[in-house]
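This report looks at how the inside of one protein chain is packed. Please have the sequence and the structure in view while reading.

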Amino acid sequence: MFDAVARRYDLTNTVMSLGQDRFWRRQTRAALGIGPGDTVLDLAAGTGVSTVELAASGAWCVAADFSVGMLAAGKGRAVPKVGADATALPFADGVFDAVTISFGLRNVVDHVAGLREMARVTRPGGRLVVCEFSTPTNRAFATVYKEYLMKALPAMASAVSSNPDAYVYLAESIRAWPDQAALAGRIAEAGWGSVRWRNLTGGIVALHAAVKPPVD
């Protein structure tokens, strides 16, 4: 499915988020607190546009994605790219200072297994940031947002996406996704500590941050 949307993926995201995708990427980088000397895994990186944002910090960043087509669509972006399954990452234990996944955890069939694998490749004391669609905090706005997801979003996708049907799945997966507190519980279940979250854009998106506990 993701190979099929790769060609116009970045444009579609910008249009459907009304340009908020750039803001969300900047906030993810800030939440990671990375800089020169850090090694960072950007999981579900797609075309690598998020990895380029992370690399602006001066950290060494690698883009990893299950979809080879998505990585190929970002071939013009000068960041390392690796095809990878989130539940069986091709990296040794504890090699990253930080790991992040943006709008991709919903697509990992076993979310907790994926989060455990992210912890495995992160050093003790290393950081995790999950940027993902979430539950708007205002009840009235949440109702309007659900209408947008199920009606306006697929219609907009049909105008700009190379595979509009994929965005019906997107809308349905967002509606079925756990809220902020429930996702925090899954992150903790996977072995991460100091789990917290911050809402962006009224809770349309939430940044969940956590730390890998030290080895006993």
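What follows describes the nonpolar cores, one helix and a group of aromatic rings in a predicted model.

## The nonpolar cores

The largest nonpolar core is made of 26 residues. Leu41, Leu105, Leu115, Met118, Leu128 and Trp192 have the most contacts inside this core. At least two of its residues come from each of β1, β2, β4, α6, β5 and α9. Helix α6 gives the largest share, four residues. A second core lies apart from this one and has 20 residues, including Leu32, Phe103, Val129 and Phe133. In soluble globular proteins, nonpolar side chains tend to be buried together.

Which residues does leucine 105 touch, leaving aside its neighbours within four places in sequence? Leucine 105 is in contact with His111, Leu115, Met118, Val130, Glu132, Trp177 and Leu183.

## Helix α6

Seven of the ten residues of α6 are buried, and the helix is mostly covered. The buried residues are His111, Val112, Gly114, Leu115, Glu117, Met118 and Ala119. They pack against β1, β4, β5 and α9.

## Aromatic rings

The whole structure contains four aromatic pairs. In one of them, tryptophan 24 and phenylalanine 133 meet edge-to-face, with 6.1 Å centre to centre and 85 degrees between the planes. Tryptophan 24 belongs to helix α3 and phenylalanine 133 to strand β5, so this pair ties together parts that are 109 residues apart in sequence. Both tryptophan 24 and phenylalanine 133 are buried.

Phenylalanine 133 also pairs with phenylalanine 103: the ring centres are 4.7 Å apart and the planes are at 45 degrees, so the pair is tilted. Ring pairs thus link Trp24, Phe103 and Phe133 into a cluster.

Conventions: Residues numbered from 1 in each chain as written. Predicted model: local features only at pLDDT ≥ 70, side-chain atom pairs only at ≥ 80, totals over all residues. Heavy atoms only, no water. Core = buried A, V, L, I, M, F, W, Y, C linked by side-chain atoms within 4.5 Å. Buried < 20%, exposed > 50% of the residue type's maximum accessible area, 1.4 Å probe, protein only. Contact = heavy atoms within 4.5 Å. Phe/Tyr/Trp six-rings, centres within 6.5 Å; stacked < 30°, edge-to-face > 60°.
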